[in-house]
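Dear colleague,

Please find below the structure that I am handing over to you. My findings follow directly after it.

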Amino acid sequence: MIRKSVKKIGISIAILTFGMLVGSSFSKLSAVQTAMPKSENKQEKARKEAYQSILENLYSNRILDEEDYSFEADFCDISKNQFAIYDIDRDGRDELIIQYTQTQAKAVMTTIIYDFDENLGKVYKQLSEFPSLTFYNNGIIEAKWSNNQGYSGDKLSPYTLYQYDKATDTYTQVAWVDAWDRSVSEKGDNDLSFPEQADIDKDGIVYYIMKEGKYSLKEPIDEKEYNEWRNSYIGESEKVNIPFLNLTQENINIGENNEKETIK
């Protein structure tokens, strides 16, 4: 009887010890799980503070991307510029998108997309372009040129196509795109004649896809080839309507603009 009692006591102690070890492990795991969100929140806070600093500097001092626009203070309403804090590249982290359009000089107008490097603790630019952008939900951005005085007429607005590069976390240039509408002019620069041989469908318009970052009208293509190229990037993707806010002190203080995207 005594041996049986001792055996039972031994088993009970073993079970109790095992239970304490398991409980301790769960407690440690719980502590780690509780601590993880705090680390994430700290990074998110640093991101928002960095973005807010850029917005405050623009609103109060009219400084954007190290450019001083204070000379326009008496002529342009700073609050009519816009911004959004929004995950446009779909990497799970919000970017700061600023549209600076309230200026007397069209050449000064710009849209800048900023991201935040959590390791370095500072912002960097993903893209800077003229503020006539179309965003697609597959990482493509179409940026219309500010100056459209070429030969495309009203058949096409020349543009630059960008694609999000996950490796560099920036937007890389795919190509410049322009067109030549024969009804606008029979002759181009340097007395160049309209390329009839490239106008296969005989609709009087040819297209140019310039991938080298150098403007040239030497390689015209017909509409069918142009559409095939464009669809290879845009395809069935949809346009994204970013929920911009006016650049007011109230909106800067809110700093929250992460609504779900609206598809056009």
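T160 lies in strand 9, which covers residues 159-165. The model is a predicted one, and the statements here should be taken in that sense. T160 counts as buried because its relative accessibility is 4%, under the 20% cut-off. Its side chain makes a polar contact with the side chain of W145, at 3.0 Å. W145 also appears among the residues that T160 contacts once neighbours within four places in sequence are left aside; the others are E129, I141, E142, A143, Q173, A175 and W176.

Turning to the protein as a whole, the model contains three helices and 14 strands. The protein has 264 residues, of which 37% count as buried. Of the contacts with a separation of 6 or more, 51% are accounted for by residues 24 or more positions apart. The exposed area of the protein is about 16,100 Å², and 50% of it is supplied by carbon and sulfur atoms.

As regards confidence, the average pLDDT of the protein is 85, and 81% of the residues score at least 70. Two stretches call for separate mention. Over residues 1-38 the pLDDT stays under 50, and the model shows zero contacts for them beyond four places in sequence. Residues 257-264 also have a pLDDT below 50, yet this stretch has 25 contacts in the model beyond near neighbours in sequence. Predicted coordinates should not be read in detail where pLDDT is low.

With kind regards

Key
Residues are numbered from 1 along each chain as its sequence is written. This is a predicted model: local features need pLDDT of at least 70, side-chain atom pairs count only at pLDDT 80 or more; totals for chains, interfaces and linings use all residues. Side-chain values use heavy atoms; hydrogens and water are left out. Helices (H or I, at least four residues) and strands (E, at least two) are DSSP runs, numbered from the N terminus. Buried means under 20% relative accessible area, exposed over 50%, partly exposed in between (1.4 Å probe, protein chains only). A polar contact is a pair of N or O atoms within 3.5 Å; within protein, one must be able to donate a hydrogen and the other to accept it, and residues adjacent in sequence count only if both atoms are side-chain atoms. Contact means heavy atoms within 4.5 Å. Accessible areas come from the Shrake-Rupley method with a 1.4 Å probe; for residues, only the protein chains shown count as cover. pLDDT is the predictor's confidence in each residue, from 0 to 100.
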